[in-house]
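Let's take a walk through a protein model together, from its cysteines to its odd backbone spots. Have the 3D view open as you read.

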Amino acid sequence: AGDLVSSDTYNKLFTMHGISMIFFFLIPSVPAVLGNFLIPLMIGAKDLAFPRLNLASWYIYMIGAIFALVSMVMGGVDTGWTFYTPFSTTYSNTHVIGTALGIFIAGFASIFTGLNFIVTIHRMRAPGMTWTRLPLFCWSNYAASIIMVLGTPVVAITILLVALERLFHIGVFNPALGGDPLLFQHLFWFYSHPAVYIMILPGMGVISEIVTCFSRKRVFGYEFVALASIAIAVLGFLVWAHHMFVAGISVYAALVFSLLSYLVAIPSAVKIFNWTATLYKGSIRYNTPMLYAFGFMGLFTIGGLTGVFLASLGVDVHVTDTYFVVAHFHYVMVGGMVLAYMAGLHFWWPKITGRMYPEGWAKLSALLVFVGFNLTFFPQFILGYMGMPRRYHAYPPEFQVLNVLSTAGASVLAVGYILPMIYFMWSLKYGKPAGPNPWNAVGLEWMTPSPPPTQNFDETPVVTWEAYDYEHQPDEEVPVGH
């Protein structure tokens, strides 16, 4: 039995965890944090195309987050982060409307950021920065921006409709009022599956930059890796109903979506294979960003392969709504996105702050995150396969050992996350000066001082070399932080 909290509190806890992590951390993390800083630097621009829109998107994001936080403090919401109807529109007596408004408002921040990135990459590239010389980080953020601009309005209006149905009893999703609850799932997943790629694509861009830098080689098949980002963005819009195999859609529709779901795995696999080929016979350096990149490649591969299981109709019927899905999702989002985010922070921290962090502590944190993560989520694959349903507040005693392992892993993971917070703060004052290019990397961002001046470049650079031109870069030993 669940001893720690009541079943109602448990429902609110996992709901608010999902909402805050997905809508207020994962979707904005790399685009808003690293993308804002790096895209103008990488293409030789002085700023994003619309700086004021950029600032407005930050204010809008904060307003949305405050709505969601106030709803949480006032008693939370218990619908799950997916807001499934008719529970969210009719039966739940928690703060659905406040939370829904928060997500609706924050969606506009996402749209503005995506629009800003698309226009910046199209219109503000330095002379000579052709599409085939564009850093892969820009390619992947460009693909993610397309999804943000096209997909976010759909989920915003869907969640607004949930709020309107609660307020005014309009029959959109409620069958008693002439609505259709499956319509909600179609609309919600039409955005929320591509949203997975909003979260993961910028992370893939980070990994491309790091793998090429620390193996001192041009990315193998640069054009294919770039086009794979666009393919993921396009195919991501065609697979949403694989979340609905047991929801009552027709077998024919399920079959089509199953095949399309297999298809979307191909561009992701192209990236993994090409990164691996880049490493082959490279002069590999095991600095902290590279350790996180290796972690990403391993964990994202497991997340992707288990996604193929879930795309298979026969398997999906058995493991839907079990811990198998929880494990799969976290292998992609935490094993993938969060590790890529940590990799990017460690890679560009010297550029952002002008200071190095202590390399030893950073490597320890990378190890703790990797071990803690696997200890947390791998047992959940087994639990799900054995039939333990997700979102249940209690579980049978035979699942005790694996659940305790999961809890122990979460504790290790927490230490791995807290360490960087400490040594990053420490490095701001005590870290060694980094210089403009501590990793001896190529790319326009490494040609400015660290941190870059307000306008990035005194005069607009002219690009005359190919992307990732490591063949002509003198191969000096990378100084370690300490």
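A disulfide is a pair of cysteine sulfur atoms within 2.5 Å. By that yardstick, this predicted model holds zero disulfides. Why does Cys-138 form no bond with Cys-213? The sulfur of Cys-138 is 16 Å from the closest cysteine sulfur, which sits in Cys-213, and that is too far for a bond. Turn it around and the story holds: for Cys-213, the closest cysteine sulfur is in Cys-138, 16 Å away. Are these cysteines buried or exposed? Cys-138 is buried, with a relative accessible area of 0%, and Cys-213 is buried too, at 1%.

**How confident is the prediction?**

The chain has a mean pLDDT of 94, with 98% of its residues at 70 or more. Compare the elements and you'll find the lowest mean pLDDT, 92, in helix 3 (residues 87–91), while helix 12 (residues 359–385) has the highest, 97.

**Empty space**

Rolling a probe the size of a water molecule over the atoms shows where empty space is left. Here, the count comes to one cavity of 30 Å³ or more. The largest cavity holds about 130 Å³ of space. Its lining is made of 14 residues, and those nearest the centre are Arg-133, Pro-135, Gly-443, Trp-465 and Ala-467. What classes of residue line the largest cavity? Nine are nonpolar, one is polar and four are charged.

Now look for the second largest pocket, with about 460 Å³ of space. This pocket is lined by 26 residues, and Pro-28, Ala-32, Tyr-61, Ala-109 and Thr-113 lie nearest its centre. The elements that give two or more residues to this lining are helix 1 (7–43), helix 2 (51–73), helix 4 (96–123) and helix 5 (136–168). Helix 1 gives the most, with 10 residues. By class, the lining of the second largest pocket splits into 18 nonpolar, eight polar and no charged residues.

**Aromatic rings**

If you like rings, there's plenty to look at: the structure holds 39 aromatic pairs. Two of them are set out here.

| Pair | Centre to centre | Angle between planes |
|---|---|---|
| Trp-131 and Tyr-142 | 5.5 Å | 65° |
| Phe-214 and Phe-347 | 5.7 Å | 65° |

Why does the pair of Phe-214 and Phe-347 count as edge-to-face? Planes over 60 degrees apart count as edge-to-face, and the planes of Phe-214 and Phe-347 are at 65°, so this pair qualifies. Trp-131 and Tyr-142 are edge-to-face as well.

Where do these rings sit? Trp-131 is in the loop between helix 4 and helix 5, and Tyr-142 is in helix 5, 11 residues apart. Trp-131 is partly exposed, with a relative accessible area of 27%, whereas Tyr-142 counts as buried at 12%. As for the other pair, Phe-214 belongs to helix 6 (residues 181–215) and Phe-347 to helix 11 (residues 323–353), so the pair ties together parts that are 133 residues apart in sequence. Phe-214 counts as buried at 1% relative accessibility, and Phe-347 is buried at 1% as well.

Rings can also gather in groups. One aromatic cluster is formed by Phe-23, Trp-81, Tyr-84, Phe-173, Phe-184, Phe-188, Trp-189 and Phe-329.

**The loop between helix 2 and helix 3**

Next, find Phe-83, in the loop between helix 2 and helix 3. Phe-83 is buried, with a relative accessible area of 1%. Although Phe-83 and Thr-15 are 68 residues apart in sequence, their C-alpha atoms are 9.0 Å apart in space. Pro-86 lies in the loop between helix 2 and helix 3 too, and a cis peptide bond joins Thr-85 to Pro-86, with omega about 0°.

**More backbone oddities**

Most residues other than glycine have a negative phi, and most peptide bonds are trans. That gives you a few spots to hunt for. Another cis peptide bond, with omega about -10°, joins Ser-450 and Pro-451. Pro-451 lies in the segment after helix 13 (400–430).

Which residues have a positive phi without being glycine? Asp-321 is one of them, with a phi of about 60°. Asp-321 lies in the loop between helix 10 (313–319) and helix 11, and counts as partly exposed at 39% relative accessibility. Tyr-468 is another, with phi near 55°. Look for Tyr-468 in the segment after helix 13; at 6% relative accessibility, Tyr-468 counts as buried.

Technical notes:
Residues numbered from 1 in each chain as written. Predicted model: local features only at pLDDT ≥ 70, side-chain atom pairs only at ≥ 80, totals over all residues. Heavy atoms only, no water. Buried < 20%, exposed > 50% of the residue type's maximum accessible area, 1.4 Å probe, protein only. 1 Å grid on protein atoms, 1.4 Å probe; cavity = no way out; pocket = protein on both sides within 12 Å on 5 of 7 lines; lining within 4 Å. Points joined across faces, edges and corners; volume = space filled by probe spheres on them. Nonpolar A, V, L, I, M, F, W, Y, C, P; charged D, E, K, R; others polar. pLDDT = per-residue confidence, 0-100. Helix = DSSP H or I, 4+ residues; strand = E, 2+ residues; numbered from the N terminus. Phe/Tyr/Trp six-rings, centres within 6.5 Å; stacked < 30°, edge-to-face > 60°.
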